[in-house]
Amino acid sequence: MEKLDTLQKILESGVVAIMRAKSSDQLLAAADAIREGGVNVIEVTMTTPGALDVISRAVSKYDESVVFGAGSVLDPESARASILAGAQFIVCPTLSVATIELCKRYAIPAMPGAYTPTEALVAWQAGADVVKIFPADIGGPAYIKAIKAPLPQIRLAPVGGVSLENTADFIRAGSACVGVGSSLVNQKLLDGKDFATLTELARRFRAEVEKGRAA
C-alpha cells in the first residue's frame with residue numbers, strides 16, 4: 001500500500017485502535033470485531049508478545065481494507081524490523097527524529113510522540129505525518145486546541161485517556177484522529193470473547209468522530 005493511501009485511511013477512519021493482547025489469535029479476533037464496527041486502522045504495540053509475528057500474520061490475513069501499524073516503537077532498529085514484518089505505519093511514545101527519518105526513507109507514515117508545542121514542531125519539521133500528543137488526558141481537548149492555534153498545519157492525534165465521552169471534543173479541538181486503547185479493546189473483553197461489545201464500541205467511536213467533524 002502506498003504511503004499516501006495508508007495515511008488517507010488513517011485520517012478517514014479518525015480512530016486508531018491501540019491493541020495489546022496475550023496472543024495473536026486474540027488480536028486477530030478483535031480486529032475482525034472492530035472492523036465490523038467501522039474501525040479499520042489498528043496499532044499493534046511492541047509490548048504484545050510476538051508482536052512482529054502478529055503484525056505479519058495480520059497483514060497476510062487482511063486485504064488493504066485494514067491497515068496495521070506497530071506501536072510503542074522506541075528506535076530506528078525496531079521500526080525497520082516492524083516494517084520488514086509488514087507494518088504499514090509506525091507509532092512512537094516519544095520523539096525520535098532518527099525513527100522519523102527511517103520511516104521517510106522507506107515511505108512509511110510516522111506518528112511520533114510529543115507533548116509540548118516545541119516537540120510537536122520538531123517532529124513535524126523532521127517529517128512526521130501525524131504527531132501523537134501523549135499523554136493527552138493531562139491537558140484534554142483544550143490543550144489540543146491551544147497547540148493548534150499557533151501550529152494549525154500540524155496534524156495531531158491525542159492518545160491517552162481518549163474515551164467515548166471526549167472523542168468528539170478532541171476532534172472539534174482540531175485533532176486529525178484519535179488513538180484509543182483500553183476504552184475500545186481491553187483484556188477483559190478479549191478474555192471473555194465479547195466480540196459483539198467490541199463491534200458496538202468501534203461503531204460508537206466512529207460515530208463520535210463523525211459528530212466532532214460535523215460541529
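Buried means under 20% relative accessible area, exposed over 50%, and partly exposed in between; these words are used in that sense in the legends below, which describe close-up views of a predicted model.

**View 1. Glu-64 in the loop between helix 3 and strand 3.** With a relative accessible area of 47%, Glu-64 falls between the two cut-offs and is therefore classed as partly exposed. The loop that holds Glu-64 leads from helix 3 to strand 3, which covers residues 67–71. The C-alpha atom of Glu-64 is separated by 35 Å from that of Ala-146, a residue 82 positions apart from Glu-64 along the chain.

**View 2. Strand 1 and its pairing with strand 2 and strand 9.** Strand 1, made up of residues 15–19, pairs with strand 2 in the parallel sense over three bridges, and strand 1 also pairs in the parallel sense with strand 9, residues 178–180, again over three bridges. On the side of strand 2, Ile-18 stands opposite Glu-43, while Met-19 has Val-44 as its bridge partner. On the side of strand 9, the bridge partner of Val-15 is Val-178. Five of the five residues of strand 1 are buried, and the strand is accordingly described as mostly covered. In a regular strand the side chains alternate between the two faces of the sheet. In strand 1, Val-15, Ala-17 and Met-19 lie on one side and Val-16 and Ile-18 on the other, and both faces are covered.

**View 3. The enclosure of strand 2.** Five of the five residues of strand 2 are buried, so this strand is largely enclosed by the rest of the structure. One side carries Val-41, Glu-43 and Thr-45, the other carries Ile-42 and Val-44, and these residues are all buried, which leaves both faces of strand 2 covered. The charged residue Glu-43 is thus among the buried residues of this strand, and in the pairing with strand 1 it is Ile-18 that stands opposite Glu-43.

**View 4. Thr-48 and the packing of helix 2 with helix 3.** Thr-48 lies in the loop that runs between strand 2, residues 41–45, and helix 3, residues 51–61. Its relative accessible area is 3%, and Thr-48 is therefore buried. Leaving aside residues up to four places away in sequence, Thr-48 touches Met-19, Arg-20, Ala-21 and Val-54. Val-54 also takes part in the contact between the two helices, where Ser-24, Asp-25, Leu-27, Leu-28 and Asp-32 in helix 2 meet Val-54, Arg-57, Ala-58 and Lys-61 in helix 3. By class, this contact of helix 2 with helix 3 has four nonpolar, one polar and four charged residues. The axes of helix 2, residues 24–36, and helix 3 come within 10 Å and cross at roughly 40°, and the crossing is right-handed.

**View 5. Helix 5 packed with helix 6.** Helix 5, residues 97–105, and helix 6, residues 117–126, pack at an angle of about 30°, and their axes are 9 Å apart. Because angles under 35 degrees count as roughly parallel, helix 5 is described as roughly parallel to helix 6. Helix 5 passes helix 6 in a right-handed crossing. The contact is made by Val-97, Ile-100 and Lys-104 from helix 5, together with Val-122, Ala-123 and Ala-126 from helix 6. By class, the residues in this contact are five nonpolar, no polar and one charged.

**View 6. The open sheet of strands 6, 7 and 8, with helix 7.** Three strands form this open sheet in the order 6-7-8, and their pairing is parallel. Strand 6, residues 113–114, and strand 8, residues 156–158, stand at the edges with a single partner strand each, so one side of each is left without a neighbour in the sheet. Strand 7, residues 131–133, pairs with strand 8 in the parallel sense over three bridges, and Ile-133 stands opposite Pro-158 in strand 8. Helix 7, residues 140–148, lies across strand 7 and strand 8, and runs at about 165° to strand 8. In the loop between strand 7 and helix 7 is Pro-135, and the peptide bond from Phe-134 to Pro-135 is cis, with omega near -5°.

**View 7. Ser-72 and Lys-193, two loop residues with positive phi.** Ser-72, in the loop between strand 3 and helix 4, has a phi near 55°, a positive value in a residue other than glycine. With a relative accessible area of 24%, Ser-72 is partly exposed. Lys-193 lies in the loop between helix 9 and helix 10, and its phi is likewise near 55°. Lys-193 is exposed, with a relative accessible area of 63%.

How values were computed
Residues are numbered from 1 along each chain as its sequence is written. This is a predicted model: local features need pLDDT of at least 70, side-chain atom pairs count only at pLDDT 80 or more; totals for chains, interfaces and linings use all residues. Side-chain values use heavy atoms; hydrogens and water are left out. Axes are lines fitted to C-alpha atoms, for helices over the stretch in contact, and angles run from 0 to 180 degrees between N-to-C directions. Helices (H or I, at least four residues) and strands (E, at least two) are DSSP runs, numbered from the N terminus. Angles under 35 degrees count as roughly parallel, over 145 as roughly antiparallel, 65 to 115 as roughly perpendicular and the rest as oblique. A crossing is left-handed if the near helix is turned anticlockwise from the far one by less than a right angle, and right-handed if clockwise. Contact means heavy atoms within 4.5 Å. Two strands pair if DSSP finds at least two bridges between them. Buried means under 20% relative accessible area, exposed over 50%, partly exposed in between (1.4 Å probe, protein chains only).
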